[in-house]
Amino acid sequence: MLDFSVTEEDAAIRDLAHDFAEKEIRPIAPKQEWLQDPAERFPWAIVEKASKLGFRTMTVPKEFGGIDASFTAMILALEELAWGDLGVAIIFSTTLAKVKRIARLGTTEQKEWFFPRFMENDRYVLSGATSEPAHGTDTFIAMDTIQLNTNAKPDGKEWVLNGTKHFINNANEASLYFVTCTDLSEKNLGGRTVLMVPRDTPGVKVERVHEKISQRLSNNAEITFSNCRVPIQNELGTAATREAEVLHFAMEHNVQAAAMMLGVARAAYESALEYARNRVQGGKKIIEHQAIGMMLAEMVTSLECMDALKFRVTWEAEQSRPNYDLGPMAKYHASEASIKVCLKAAEVLGGSGIMMELPVQKYVRDSLSALHYDGTQQAALIRVMNSLIGGR
Ligand SMILES: Cc1cc2nc3c(=O)[nH]c(=O)nc-3n(C[C@H](O)[C@H](O)[C@H](O)COP(=O)(O)OP(=O)(O)OC[C@H]3O[C@@H](n4cnc5c(N)ncnc54)[C@H](O)[C@@H]3O)c2cc1C
């Protein structure tokens, strides 16, 4: 039986995130995103305040000092943070997802090493590094048939890691990287593994922070690993446990992306609605012109569809036997719908839709990032298509 009602605890976290977005993110983000150097834009003041409220650590298990918030609470919080600024939400989404990975796949020793460090430092954020210059979409749809160029070879009690990753969220600030690479060990030769690599490991270098038009507060960077030596016990999971987890992890990531795109689309819609209720042309408020009113009706209908699918997929992710195909569907649909809603919002505002003094231009720019991150739209549809071919 589907039940999309939100518990009091989850609603409190959602409301706290909304309040934080309104009071602490929105007043700062529009200016900070235009600082000239992309490396300088990372919003440490916001991250620290949000961390003190628990948004950085909400997925940490109770035994390690977290609140082990529900997946629903995490999704609702990310949507509200994205309503404030997509870049800020991305910083937390990347970090919270990796925390869940350690909680599920980590050994006791790894958890006892990681969680105390993570809990005590408001600036401890995380990065997942999979994409590399020669392998982007391949990593989403053809992982079994490709070998990542980044590789790790055991040498005594250490892995020796070499390679280049690019476009990586939080990479210039993260304290710990989760690096997906080709395993050159004898037991798994040519397979894949994931290593946890502390930022201060000799041989780790952030080569450059990419400049981009969307998510400007969350940095993406290129990192190189040159003969980096990490302890053998820093391997996260085994081939078998990662395999069992991969679909679940992908589904959670997809609905995180969908919820954040909904947050951006809601922000754009609200701006357009307010504008249309106040702007007078042709002797009446523009919302009373059918051409504009119907655009707003279409936008709000899209928001309702995105919201319903978000809840459905969140609910599925919380089940023990979820329907994994729904993850890429939600990501695909929310990305398309968000871009359409944001473009319509810009149209409703007339010339003001692209003026820098109003936020709608920012929502349009941010919505475009949905085409590329968490896999492309094509990658999402190919995953759905493959299960159709498989006879679902
Ligand atoms: C804002 C942002 C944040 C990101 N954050 C991270 C991160 O934190 N960690 C990380 O590891 N990566 C990250 N990425 C990388 C992201 O996952 C890749 O950019 C994405 O998967 C696409 O890869 P690509 O850029 O190499 O494009 P390509 O793979 O070169 O694709 C180019 C085009 O070809 C299409 N295409 C490619 N292969 C196929 C195929 N087999 N069939 C049909 N069409 C195909 C694609 O859909 C796309 O339209 C981020 C990217 C962005 C933009």
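Let's start in the loop between α11 (360–368) and α12, because that's where you find D374. This is a predicted model, by the way, so keep that in mind throughout. D374 isn't a glycine, and yet its phi is positive, about 55°. Is D374 buried or exposed? With 24 other C-beta atoms within 10 Å, D374 is buried.

There's another residue like that. Phi of Q215 is near 45°, again a positive value in a residue other than glycine. You'll find Q215 in the loop between β6 (204–209) and β7 (220–231). Q215 has 27 C-beta neighbours inside 10 Å, so it counts as buried too.

Okay, on to the ligand. Which residues come nearest to it? There are 22 residues around the ligand, and the nearest are S131, G136, T137, T376 and Q378. If you want to find the shell by element, look at β1 (126–129), α7 (138–141), β3 (158–169) and α12 (377–389), which each give two or more residues. As for what kind of residues they are, the shell has 14 polar and eight nonpolar ones, and no charged ones. And here's a nice point about where they come from: domain 2 (128–237) and domain 3 (241–389) each supply at least three residues of that shell.

That brings us to the domains. The protein is divided into three: domain 1 (8–123), domain 2 (128–237) and domain 3 (241–389). Take the centres of domain 1 and domain 2 over C-alpha atoms, and they're separated by 22 Å. Where those two meet, domain 1 puts in 20 residues and domain 2 puts in 17. On the domain 1 side, α2 (29–32) and α5 (86–105) are the elements that give two or more residues. Which of them gives the most? That's α5, with nine residues. By class, this side of domain 1 has 10 nonpolar, six charged and four polar residues.

Now have a look at some strands. Strand β4 (residues 176–183) runs antiparallel to β5, and eight bridges join them. If you want one pair to click on, V179 stands opposite L195 in β5. Why call β5 largely enclosed by the rest of the structure? Because six of the eight residues in β5 (residues 191–198) are buried.

Last topic: the nonpolar core. In soluble globular proteins, nonpolar side chains tend to be buried together. Here, the largest nonpolar core has 102 residues, and the members touching the most others are A258, A268 and A345. Helix α8 (residues 239–278) gives the most to this core, with 16 residues. Let's zoom in on A258. Not counting residues up to four places away in sequence, A258 touches M306, L309, K310, V313, A330, K331 and A334.

M306 turns up again if you move to A337, which sits in helix α10 (residues 326–348). A337 and M306 are 31 residues apart along the chain, but their C-alpha atoms are separated by 7.6 Å. Leaving aside neighbours within four places in sequence, A337 is in contact with A265, S302, C305 and M306. And with 23 other C-beta atoms within 10 Å, A337 is buried.

That's my tour. Any questions?

Methods
Residues numbered from 1 in each chain as written. Predicted model: local features only at pLDDT ≥ 70, side-chain atom pairs only at ≥ 80, totals over all residues. Near = placed C-beta within 6 Å. Helix = DSSP H or I, 4+ residues; strand = E, 2+ residues; numbered from the N terminus. Nonpolar A, V, L, I, M, F, W, Y, C, P; charged D, E, K, R; others polar. Domains from an automatic or database assignment. Contact = placed C-beta atoms within 7 Å. Buried ≥ 20, exposed ≤ 12 C-beta atoms within 10 Å, placed from the backbone. Pairing = 2+ DSSP bridges. Core = buried A, V, L, I, M, F, W, Y, C linked by C-beta atoms within 7 Å.
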